[in-house]
Amino acid sequence: MELTSKQRKYLEKLAHDLNPVVIVGGAGMTEGVEQMIAQTLSSHELIKVKFNECKDEKQELIQDACEKTGATLVRIIGNVAILYKEKDEDPVIKIPE
């Protein structure tokens, strides 16, 4: 899903008060971390992923995770990535056109 700048700003505003729910540690982006991202997105739609380790590779790692989970990268701010994936049924977040 391709987001416009207006849509990105809207999602960033919604994510502002969220705490990171997935932490990438010393093992990097493991299959378990990717499963956790997929599960969390299926229930929350919008999440933050924090990088405690692998900070230099965060762009590549998060892009790979997005491809595998079907998520959209909203933005990376510092060592935190904001991800979005619309629910298949009854989406909670209504993105402006």
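Let's start with T72: leaving out residues up to four places away in sequence, T72 touches M1, L3, C66, I82, L83 and Y84. By contact I mean heavy atoms within 4.5 Å. You'll find T72 in strand 3, residues 72-77. Is T72 buried or exposed? At 8% relative accessibility, T72 counts as buried. For that term, buried is under 20% relative accessible area, exposed is over 50%, and partly exposed is in between, with a 1.4 Å probe and protein chains only.

Two housekeeping points. This is a predicted model, where local features need pLDDT of at least 70 and side-chain atom pairs count only at pLDDT 80 or more, while totals for chains, interfaces and linings use all residues. Residues are numbered from 1 along each chain as its sequence is written, and side-chain values use heavy atoms, with hydrogens and water left out.

Okay, the overall fold. The chain has three helices and four strands, and from the N terminus the order is α-β-α-β-α-β-β. The radius of gyration is 13 Å, close to the 13 Å that the globule rule gives for 97 residues, so the chain is as compact as a globular protein of that length. That radius is taken over C-alpha atoms, and the rule is 2.2 Å times the number of residues to the power 0.38. As for helices and strands, they are DSSP runs numbered from the N terminus: H or I with at least four residues for a helix, E with at least two for a strand.

In terms of dimensions, the C-alpha trace spans about 40 × 25 × 25 Å along its principal axes. Of the 97 residues, 39% count as buried. And if you take contacts between residues at least 6 apart in sequence, 67% of them join residues at least 24 apart.

On the outside, the chain exposes about 6000 Å², with carbon and sulfur atoms supplying 47% of that. Those areas come from the Shrake-Rupley method with a 1.4 Å probe. There are 13 positive and 17 negative side chains, and the centres of the two sets lie 8 Å apart. Lys and Arg count as positive, Asp and Glu as negative, with His and the chain ends not counted. Each charge is placed at NZ of Lys, CZ of Arg, CG of Asp or CD of Glu.

Now, the inside. Which residues have the most contacts within the largest nonpolar core? They are M29, I37, I47, V49, F51, I62 and L83, in a core of 17 residues. Strand 1 (22-24), helix 2 (31-44), strand 2 (46-51), helix 3 (58-69) and strand 4 (80-84) each supply at least two residues of this core. Helix 3 gives the most, with four. There is also a second, separate core of nine residues, which includes L3, L11, A15 and I95. A core here is a set of buried Ala, Val, Leu, Ile, Met, Phe, Trp, Tyr and Cys residues joined through side-chain atoms within 4.5 Å.

Have a look at two of those core residues. Beyond four places in sequence, L83 touches a long list, including I37, I47, V49, I62 and our opening residue, T72. F51 sits in strand 2 and is buried, with a relative accessible area of 1%. Its partners, again not counting residues up to four places away, are V24, M29, K58, L61, I62, N79 and A81. P96 is another matter: F51 and P96 are 45 residues apart in sequence and 29 Å apart in space, C-alpha to C-alpha.

Next, a few glutamates. E34 lies in helix 2 and is buried, at 11% relative accessible area. Outside its neighbours within four places, E34 is in contact with M29, D64, A65, K68 and T69.

E45 lies in the loop between helix 2 and strand 2. What about its backbone, where is phi for E45? Phi is positive, about 70°, although E45 is not a glycine. At 1% relative accessibility, E45 counts as buried.

E86, in the segment after strand 4, touches E45 and P91, not counting residues up to four places away. E86 is partly exposed, with a relative accessible area of 38%.

Last one: N19, in the loop between helix 1 (5-15) and strand 1. N19 counts as exposed, at 61% relative accessibility. N19 and I47 are 28 residues apart in sequence, with their C-alpha atoms 8.1 Å apart in space.
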